[in-house]
Amino acid sequence: MSIETISLSGRKKVVSNKEMTFLERLYLVAIFKGLVITIKHFFRRKKTIHYPEQVRVRSDVYRGQHQLKRDEQGRENCTACGLCALSCPAEAITMKAEERKANEKHLYREEKYASIYEINMLRCIFCGLCEEACPKDAIYLTTSKVLVPSSYEREDFIFGKDKLVMPLDVAMKNAQLKNAN
């Protein structure tokens, strides 16, 4: 077997350099085929929606902005185990673990917590693997329509705990709803 006949992908094509006919050189057939495609698209139903008035229905598996959960007492669920950072295929999550001090028991559930927790939204692909990997159910992707606000600075796309931790009033409201059920 010669090297010219081997095809690893199975998509090898032999190209011939045959001379084009007079009609092929005029490209009339190609222009006509292009016009037929254009006319077909002209009479199809439009996919455009008028955004503020009409809202497109989101998928059931839609994943929006990240949020770090709190428990019913307002303490952070994250124990800085690092599984979310390990499972992230884009390597968008970075964290630094520290030991909890005695006067911080009301802030963190476990003796270890994430002092720095950052997600680089320019790298994140919103796959949800961080949410699935977390054993403490500390991070989840909301159904919020706001993903990442636009900006001109790269630093604005690195979300720290200030943007990621669930607000305390929302955590208390969730705890009340959970207790009511």
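This passage describes selected features of a predicted model, moving from annotated positions to ring contacts and then to the largest pocket.

Two annotations from UniProt can be placed on the predicted structure. Under "binding site", an unreviewed UniProt entry lists Cys78, Cys81, Cys84 and Cys134. These four residues gather at one spot, because no two of their C-alpha atoms are more than 10.3 Å apart even though they span 57 residues in sequence. One of the four, Cys78, is found in the loop that runs between strand E1 (66-68) and helix H3 (83-87). With a relative accessibility of 11%, Cys78 counts as buried, since that value falls under the 20% cut-off. The loop between E1 and H3 also holds Ala80, whose phi angle is near 55°, a positive value in a residue other than glycine. Ala80 has a relative accessibility of 6% and therefore counts as buried.

The second annotation concerns the "transmembrane region", for which the unreviewed UniProt entry lists residues 26-43. In the model, the chain over residues 26-43 is 89% helix and 0% strand, and the C-alpha atoms at its two ends are 28 Å apart. Within this listed range, Tyr27 is found in the loop between helix H1 (22-26) and helix H2 (28-42). The phi angle of Tyr27 is near 60°, which is again a positive value in a residue other than glycine. Tyr27 has a relative accessible area of 48% and is therefore partly exposed, a class that lies between the 20% and 50% cut-offs.

Aromatic side chains were examined next. A pair of aromatic rings is described by the distance of the centres and the angle of the planes. When the whole structure is searched, two aromatic pairs are found. In one of them, Phe42 and Phe43 are arranged edge-to-face, with 5.2 Å from centre to centre and 80° between the planes. Both Phe42 and Phe43 are exposed. The other pair, formed by Tyr108 and Tyr113, is stacked, with 3.8 Å from centre to centre and an angle of 10° between the planes. Tyr108 counts as buried, because its relative accessibility is 10%, and Tyr113 counts as buried because its relative accessibility is 5%.

Charged side chains also sit over aromatic rings in this model. Arg58 lies over the face of Tyr62, at a distance of 4.6 Å from the ring centre. In a further contact of this kind, the charged end of Lys69 is placed over the ring of Tyr140, 5.0 Å from the centre of that ring.

Lys69 appears again in the description of the largest pocket, where Lys69, Arg70, Asp71, Asn77 and Lys178 are the lining residues that lie nearest the centre. The largest pocket has a volume of about 240 Å³, and its lining consists of 13 residues. Sorted by class, this lining comprises eight charged, three nonpolar and two polar residues.

A last position of interest is Lys145, which is located in the loop between strand E4 (139-141) and strand E5 (158-159). Lys145 counts as exposed because its relative accessibility, 51%, is over the 50% cut-off. Although Lys145 and Gln65 are 80 residues apart along the chain, their C-alpha atoms are separated by 8.0 Å.

How values were computed
Residues numbered from 1 in each chain as written. Predicted model: local features only at pLDDT ≥ 70, side-chain atom pairs only at ≥ 80, totals over all residues. Heavy atoms only, no water. 1 Å grid on protein atoms, 1.4 Å probe; cavity = no way out; pocket = protein on both sides within 12 Å on 5 of 7 lines; lining within 4 Å. Points joined across faces, edges and corners; volume = space filled by probe spheres on them. Nonpolar A, V, L, I, M, F, W, Y, C, P; charged D, E, K, R; others polar. Phe/Tyr/Trp six-rings, centres within 6.5 Å; stacked < 30°, edge-to-face > 60°. Buried < 20%, exposed > 50% of the residue type's maximum accessible area, 1.4 Å probe, protein only. Lys NZ or Arg CZ within 6 Å of the ring centre and 35° of its normal. UniProt positions renumbered as here; feature names shortened; annotations may be inferred.
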